[in-house]
Amino acid sequence: MDIAGSIASFAAVVALLTLTPGLDTALIMRTSVLSGRRPAWGVVLGIQAGILVWGLATAAGLSALLAASQLAYEILRWAGVAYLVYMGARMLWNARHPAQSEADPVTDQTFGRAFRRGLLTNLLNPKVGAFYVAMLPQFIPHDVPPALMGLALAGVHVGEGLVWSALLVAFATFMGGVLRTPRVRRLLDRLTGVVIIGFGVRLAVQD
């Protein structure tokens with residue numbers, strides 16, 4: 001497979017992954033509705049930065065080392081579980097105690113806080129690393145430097161993620177005036193909190 005064929009095939013695979021609703025979609029939509037466009041883009045860029053890190057780590061062999069080390073994988077997995085459950089629990093707390101959550105970092109987001117949340121959510125998810133370990137080597141031609149090709153393929157993933165995220169942010173921002181009432185904010189916090197805790201529980205029970 002040549003470079004163009006590898007990129008096209010990988011783009012088709014990650015397009016399906018990008019369009020599948022998941023944790024990233026929930027975070028982007030919630031942040032867009034409750035905090036506005038700038039924090040939402042902080043989450044988006046944090047997530048995409050995490051993808052670039054995973055792509056580079058895989059090309060450099062670091063993710064393969066993680067996959068081979070059960071202890072390292074378990075440490076990362078349980079760190080991810082703790083982070084997701086904590087974040088979801090804070091959202092549920094905010095929904096029950098709106099007066100105490102006005103200055104909470106989960107709701108009152110700056111761009112920097114949102115970026116860190118998106119980055120950590122991605123980097124603490126070992127399933128992303130497992131995906132890159134399993135898929136990326138299949139799309140790297142033998143005569144191409146792995147690090148450069150890995151970066152190029154991760155860049156394709158990031159590009160598709162940015163396009164899809166821009167559509168999500170635009171839609172949520174457009175609907176924000178309708179959805180930012182206190183009652184809807186509490187409902188959205190409950191729904192997103194349950195979804196995020198659900199992802200944390202699923203990560204905990206999966207081998």
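Ala, Val, Leu, Ile, Met, Phe, Trp, Tyr, Cys and Pro count here as nonpolar, Asp, Glu, Lys and Arg as charged, and the others, Gly among them, as polar. The model is predicted, so local features need pLDDT of at least 70 and side-chain atom pairs count only at pLDDT 80 or more, while totals for chains, interfaces and linings use all residues. Residues are numbered from 1 along each chain as its sequence is written, and side-chain values use heavy atoms, without hydrogens and water.

Let's start with helix H6, residues 111-123; helices are DSSP runs of H or I with at least four residues, numbered from the N terminus. Ala114, Arg117, Gly118, Thr121 and Asn122 are its buried residues (under 20% relative accessible area with a 1.4 Å probe, protein chains only). They sit on the same side of H6 because they cover an arc of only 120° around the axis, taken from the directions from the helix axis to the C-beta atoms.

Thr121 also helps to line the largest cavity, together with Gly80, Tyr83, Leu84, Leu120, Leu124 and Asn125. On a 1 Å grid over the protein atoms alone, a cavity is a set of points where a 1.4 Å probe fits but cannot get out, a pocket is an open set with protein on both sides within 12 Å along at least five of seven lines, and lining residues have an atom within 4 Å of a point. Four nonpolar, three polar and no charged residues make up this cavity lining, and H5 gives the largest share, three residues.

Asn125 turns up again in the largest pocket, where Asn125, Leu17, Leu23, Asp24 and Val128 lie nearest the centre among 29 lining residues. Here H8 supplies the largest share, five residues.

Methods:
Helices (H or I, at least four residues) and strands (E, at least two) are DSSP runs, numbered from the N terminus. The expected span of a helix is 1.5 Å times one less than its number of residues. Buried means under 20% relative accessible area, exposed over 50%, partly exposed in between (1.4 Å probe, protein chains only).
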